[in-house]
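User: I would like to go through some of the labels attached to this structure and ask what each one rests on.

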Amino acid sequence: MAKRIDVSGLSAYYGSHKAIDDISMTVEPRSVTAFIGPSGCGKSTFLRTLNRMHEVTPGGRVEGKVMLDDENLYGSSVDPVTVRRTVGMVFQRPNPFPTMSIFDNVAAGLRLNGSYKKNELAGVVERSLRGANLWDEVKDRLNKPGSGLSGGQQQRLCIARAIAVEPDVLLMDEPCSALDPISTLAIEDLISELKERFTIVIVTHNMQQAARVSDRTAFFNLAAVGQPGKLIEIDETDRIFSNPSVQATEDYISGRFG
Amino acid sequence: MSHATTGLKDHRPAPAPAARPSLSSRSLPRLAPLGFAAVSIALGVGVSLAAGWHSRTQWGLLSALIFLAVSYAVTTAVENQRQARDRLATSVVWVCFLVAVVPLVSLLWTTVSRGVERLDGYFLSHSMAGVLGWEASGGVYHALIGTLEQVGIATVLSAPIGLLTAVYLVEYGRGALARAVTFFVDVMTGIPSIVAGLFILSIMLIAGLEPSGLMGALALSILMIPVVVRSTEEMLKLVPNELREAALALGVPKWRVILKVVLPTAIGGITTGVMLAIARIAGETAPIILVVFGNQLINTNPFAGEQSSLPFYIYEQYKIGEVAAYDRAWAAALVLIAFVMILNLVARGIARWKAPKTSR
Ligand SMILES: Nc1ncnc2c1ncn2[C@@H]1O[C@H](COP(=O)(O)OP(=O)(O)O)[C@@H](O)[C@H]1O
Ligand SMILES: [Mg+2]
């Protein structure tokens, strides 16, 4: 059940430092939205506000509204734990749980939430691993530790872990930046499949990747180091890469800065 | 560049640019240090005998100094100065290692060789009931029971308190309360064991309590809690933040993240820390003298009546001053060392078994 995200007037702070300023955008369901922009412009920060992970950082604070379909994630009666079950996340560096086997890693979300039926677990794990295109590679060693896999396999394991809890939205923060080109390609293929079922937001430093996998692209920038990051424009990926409406976007994409 | 930065006083004429120095150079055989050691020990002993010194310590130190000088000088002559410095540093490390290990081995050797004389099934299974000090009879059973119970109770009290405190400090603690807790833990780390004993003693006097194993366990807890807090804190800090975030992002409540991800990841180190803390308190004598009082008889009830304990027993037997009592003291010391050793091995076993698995 992919959902639409509607952000309006969102600012995020680390203590007194304002990291992103007044961002408004819409993320369409069943599509891939890519975030691009120079380092430090607040892409990760913005992404983490979309599943209330920003406030996990000491001093993290958010102003504004994030509507998931018709519910405000920052409404006063909303439990961040429930939000994170609905909006899953994949991190830059693969981070499987080192004490758990491959099977347990995928099952972790369900097990740790205590919301599962024992006889369904194996099915969910298989479905998630197939969904992450990892099943054939690991089906013979489900009980081996997840940290024994290659980097690309570990990242797909983390994706399997994230989709096992059946979120509506999947956030990915530079999921390929620690991977080799082959593993990157595997994950890009996976993203194209996953967008049938999820709303996907991906942060990437790789322009070709954004062009390959995304339907819409958002360009972020910051006026100067120490200034808060801003959304410059968001549009169809084709438009952004061929004929952006803002000069800064064109400069960034053509490599004139950043 | 190498000319500018090495800073060596190299008085040799600079090699002509055309004739590059060969990459290989003369070098000492790999076993040369053994030769140096043999020569310097012979020299050291010879000089010491000639000078009429009696202390073996002096012999050893002299040999060590000669060893350092010989290996430096010979290496300078045969190889070059950089190699010589390398050799000197290596030699210093070796000498320090020996200086540290010799007392340890000597202590172990003395305890084992003197302890085994009396250590047998009878010694482990009998108390000192009705045994006179000079009689070569009696055993350590009552003291072993006392140590096991007191240390056991102290661990049951301190491990959860210490663990929870550390979890609070690492996972939740912010601001003034956390700083205050850290401060008091630091202060507690430095409390001498006699002071912990006196503290419990004063409470006993105020509340009209009698000496018992439980009082000893309380005093030992005061010593154990800060050690557990410190070691657990360090272990929890080693757990990468990414793992916490990964679990939180799956929609897991924070307390379950701590219970199911953070603690299991750190459990090996935490166990080792608790075991080391146990080893530390198992050897404490002062609080036992004050608040458990000692006993010649078997008292299996830690909550009422005086008890003995291994360190107390050793002290007591030593004070008797008879040959048979000395033998009992050595045997008890061996039992205590074995107890701590077994705990350490168990801790290592658990740490290895529970450690995050990285191999395929
Ligand atoms: N944990 C943090 N504490 C304080 N400031 C942070 C933290 N993480 C990021 N920032 C600041 O927030 C800004 C945006 O960072 P980030 O979102 O990581 O940018 P990006 O992902 O686009 O490279 C930067 O100025 C950075 O210094
Ligand atoms: Mg980032």
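User: Which residues of chain A does the UniProt annotation "domain: ABC transporter" cover?

Analyst: In this predicted model, the annotation, which comes from an unreviewed UniProt entry, covers residues 5–247 of chain A. That span is 35% helix and 27% strand, and its end C-alpha atoms lie 27 Å apart.

User: What makes the contact between A:Glu137 and A:Arg156 a salt bridge?

Analyst: The N to O distance between the two side chains is 2.9 Å, and the criterion asks for a Lys or Arg nitrogen within 4 Å of a carboxyl oxygen of Asp or Glu, so the pair qualifies. A:Glu137 lies in helix H5 and A:Arg156 in helix H6 of chain A, so the salt bridge ties together parts that are 19 residues apart in sequence.

User: Why is A:Arg156 called buried, and why is A:Glu137 called partly exposed?

Analyst: Buried means under 20% relative accessible area, and exposed over 50%. A:Arg156 is at 8% and therefore counts as buried, whereas A:Glu137, at 36%, falls in between and is therefore partly exposed.

User: How do you know that B:Glu233 and B:Arg230 are separated by about one helical turn?

Analyst: Both belong to helix H9 (residues 213–238) of chain B and are three residues apart, which means a separation of about one helical turn. Their side chains meet in a salt bridge at 2.5 Å, N to O. B:Glu233 counts as buried because its relative accessibility is 7%, while B:Arg230, at 24%, counts as partly exposed. Salt bridges that share partners join these two residues with B:Asp186 and B:Lys237 into one network.

Conventions. Residues numbered from 1 in each chain as written. Chains lettered and ligands numbered in written order. Predicted model: local features only at pLDDT ≥ 70, side-chain atom pairs only at ≥ 80, totals over all residues. Heavy atoms only, no water. UniProt positions renumbered as here; feature names shortened; annotations may be inferred. Helix = DSSP H or I, 4+ residues; strand = E, 2+ residues; numbered from the N terminus. Buried < 20%, exposed > 50% of the residue type's maximum accessible area, 1.4 Å probe, protein only.
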